[in-house]
Amino acid sequence: MPLKKQKISIFPLLSVNFIGTLGFSIMLPFLVYLVREFKGNAFLYGALGASYSLCQMIGAPILGRMSDYYGRKRILFICEVGTFVSWVIFFIALYFPIKTVFSFHSAVLGDLVFTLPLLVAFLARSVDGITAGDISVANAYLSDISEEIDLKKNYGKMSASANIGFIVGPMLAGILGATAMGLKLPIIVTALITLASLFLIVFGLPESSKIAHKFKLGTPPVEIPGIEITNASKPGFQFLIRQPNVAIMLVLYFLIYLGFNFFYISFPLFASDGLKWNVTQLGVFFAFLSGLMVLVQGPFLSAISKKVTDAWLTIVGGFLLTINFVLMMSHNNIILYIGAVFFAFGNGLMWPSFLSILAKVAGQKYQGAIQGLAGSAGSIASIFGLIIGGILYNSYHEKTFLVAAAIIFGVFLYSFKLLKIHR
C-alpha cells in the first residue's frame with residue numbers, strides 16, 4: 001500500500017525524468033551520423049534501436065514486478081546504473097578501429113557491414129535495454145503518490161519535464177559536437193548526467209511504498225499482516241491480461257509505440273539523406289518540437305483537462321498525430337515545422353491522457369506489474385517498428401511516414417473504446 005499521497009512531492013521524480021531525458025536526447029541528433037561513421041546503413045540503424053527494445057522487453061516486466069515488491073526507488077537506481085554502464089561502453093566503442101568483422105549484401109536490407117565499433121555499440125544498447133524499466137517504474141511511482149484527480153495533470157508534468165530535456169539536449173548536442181572532441185564529448189556529458197541522476201535518486205527521491213524497507217533484494221515474497229504483496233509481486237501474464245480493460249490498453253500501447261517508431265527510425269534518416277540537414281539543423285528541429293510539447297503538456301493541458309475527459313483527449317490527439325505524419329513527407333521546411341505543431345498538440349494531448357487511463361485501469365495493487373507489461377508491449381512494437389521501418393526506408397524513403405500515419409489513424413479509431421472505460 002502506498003504512503004499518503006499528498007505527503008510526497010513529485011518534484012524529485014520530475015527532476016530524475018528530466019535528467020534521464022536530457023542524457024538520452026543529447027545523443028539523439030548524433031546517433032544516425034554515428035552509425036553512418038561506423039559504416040552502418042538504415043537497417044542497422046533501426047536494428048541498433050531494436051536491440052535496446054528487445055532487451056527492454058525482457059527487463060521491463062521483471063523490473064516492474066520487482067518494484068511492486070522491493071520498492072520503486074531501488075529499481076529506479078538499478079535502471080540508472082545500467083544506463084551509466086551502457087554509455088561507458090558506448091564511449092569505449094569510439095576508440096575501436098573501424099574494422100569490418102563481417103559483411104554481406106541483401107536485396108532487401110542493402111549492404112550490411114558490421115564493424116567492430118558498431119558491434120560494441122550494439123552491446124551498449126543491449127545493456128541499457130535490459131535495465132530500461134525506468135519509464136514503467138517511474139509511471140508506477142507517480143501513480144503511487146498522485147490522487148486520482150491529479151493523475152492526468154501529473155502525467156502531463158512528467159511529459160513536460162521529459163520534453164524540457166528534449167529541448168536542452170539537442171541544443172547542447174550541437175554545441176558539444178562542434179568542439180574538437182567531436183562525438184566523444186556528448187557521450188562523456190551524457191554519462192556524467194546519468195551519474196547525476198543516480199545521486200538524485202539516492203538522496204532526493206523518497207520511497208513511495210510502505211513495504212519496500214521490509215525486504216532486501218533477493219528475499220522471497222512473504223505475507224505481511226494488512227499488506228497484500230504475494231499476488232501483487234509476481235502476477236502472471238494470463239492473470240494480468242484478464243483484468244478489466246487491460247487488454248484494450250495494451251493493444252493501444254502497442255499501436256502507439258509502433259507508429260512512433262516508424263517515425264523515429266525514418267525521420268533522422270530522411271533529415272540526413274533527403275533533406276541534407278546537418279546535426280545542428282536536426283537538433284534545432286527536435287528542440288522546437290519539444291518546446292511546443294512543453295507548452296501543450298503544461299498550461300494548455302492543465303486548462304483543457306478540466307473540461308475534456310482523458311478518453312476524448314486521447315482520441316483528438318490521435319487524429320492530430322495522423323495529420324502530422326502525413327505532413328512529415330514534405331521536403332519543405334515550413335510544412336515540416338507546421339507538422340511539428342500538429343505533433344506537439346497531438347502527442348501532448350494524447351500521451352498523458354492515455355497514461356492517466358492506464359494508471360486507473362491498473363489500480364494500486366498491480367500498478368508496477370501492468371506498467372511493466374505495457375513497457376514490454378511498447379518494446380515489442382519498437383522492435384517491429386524500428387526493424388521494419390529501416391527495411392521500408394531503404395526502398396520507400398519518406399513514404400514510410402504513411403505507414404506511421406495509417407497506424408496512428410488506427411489508434412484514433414480504436415481509442416473510441418476508451419469512452420466505455422473513462423467518461
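I take a helix axis as a line fitted to C-alpha atoms over the stretch in contact, and I read the angle between two axes from 0 to 180 degrees between their N-to-C directions. I keep in mind that the model is a predicted one.

**Entry 1: α2 and α10**

I looked up helix α2, residues 42–70, against α10, and found that their axes come within 10 Å and cross at roughly 140°. How do I class this pair of helices, α2 and α10? An angle over 145 degrees would count as roughly antiparallel, and 65 to 115 as roughly perpendicular. The angle here falls in neither range, so α2 and α10 are oblique to each other. I noted the crossing of α2 past α10 as right-handed.

I then listed the residues that touch. On the α2 side they are Ala42, Tyr45 and Gly46, and on the α10 side Tyr264, Ile265, Pro268 and Leu269. I sorted the residues of this contact of α2 with α10 into six nonpolar, one polar and no charged. Gly counts as polar in this sorting.

**Entry 2: α12 and α13**

I turned to helix α12, residues 310–327, and its crossing with α13. The axes of α12 and α13 come within 7 Å, at an angle of roughly 150°. Angles over 145 degrees count as roughly antiparallel, and α12 and α13 are therefore roughly antiparallel to each other. I recorded the crossing of α12 and α13 as left-handed. The residues in the contact of α12 with α13 came out as 19 nonpolar, nine polar and two charged.

**Entry 3: aromatic pairs**

How many aromatic pairs does the structure hold? I have 33 aromatic pairs in my notes, and I looked at two of them.

One is Phe263 with Phe343, a tilted pair with 5.5 Å from centre to centre and 40° between the planes. Phe263 sits in helix α10 (residues 246–274) and Phe343 in helix α13 (residues 333–362), so many places apart that the pair links distant parts of the chain, 80 residues apart. Are Phe263 and Phe343 buried or exposed? I found Phe263 buried, and Phe343 buried as well.

The other is Phe288 with Tyr337. This pair is edge-to-face, with 4.9 Å between the ring centres and 65° between the planes. Because Phe288 lies in helix α11 (residues 279–304) and Tyr337 in helix α13, the pair ties together parts that are 49 residues apart in sequence. I checked accessibility here too. Phe288 is partly exposed, with a relative accessible area of 32%. Tyr337 counts as partly exposed at 24% relative accessibility.

**Entry 4: single residues**

I picked Leu295, which lies in helix α11. The cut-off for exposed is over 50% relative accessible area, and Leu295, at 52% relative accessibility, therefore counts as exposed. From C-alpha to C-alpha, Leu295 is 9.5 Å from Asn163, although the two are 132 residues apart in sequence.

Next I took Thr400, in helix α15, residues 400–414. Is Thr400 buried or exposed? Thr400 counts as buried, because its relative accessibility is 2% and buried means under 20%. I set aside its neighbours within four places in sequence and found Thr400 in contact with Phe262, Ser266, Gly389, Leu392 and Tyr393.

**Entry 5: positive phi**

Which residue in the loop between α10 and α11 did I look up? I looked up Lys276 in that loop. Lys276 has a positive phi of about 60°, although it is not a glycine. At 61% relative accessibility, Lys276 counts as exposed.

I made a similar note for His397, in the loop between α14 (367–396) and α15. Its phi is positive at about 50°, and His397 is not a glycine. His397 counts as partly exposed, at 37% relative accessibility.

**Entry 6: the whole protein**

I ended with totals. The protein has 15 helices and two strands. I noted that 57% of its 423 residues count as buried. For contacts between residues at least 6 apart in sequence, I recorded that 84% join residues at least 24 apart.

How values were computed: Residues are numbered from 1 along each chain as its sequence is written. This is a predicted model: local features need pLDDT of at least 70, side-chain atom pairs count only at pLDDT 80 or more; totals for chains, interfaces and linings use all residues. Side-chain values use heavy atoms; hydrogens and water are left out. Rings of Phe, Tyr and Trp (its six-membered ring) pair if their centres lie within 6.5 Å; planes under 30 degrees apart count as stacked, over 60 as edge-to-face and the rest as tilted. Helices (H or I, at least four residues) and strands (E, at least two) are DSSP runs, numbered from the N terminus. Buried means under 20% relative accessible area, exposed over 50%, partly exposed in between (1.4 Å probe, protein chains only). Angles under 35 degrees count as roughly parallel, over 145 as roughly antiparallel, 65 to 115 as roughly perpendicular and the rest as oblique. A crossing is left-handed if the near helix is turned anticlockwise from the far one by less than a right angle, and right-handed if clockwise. Contact means heavy atoms within 4.5 Å.
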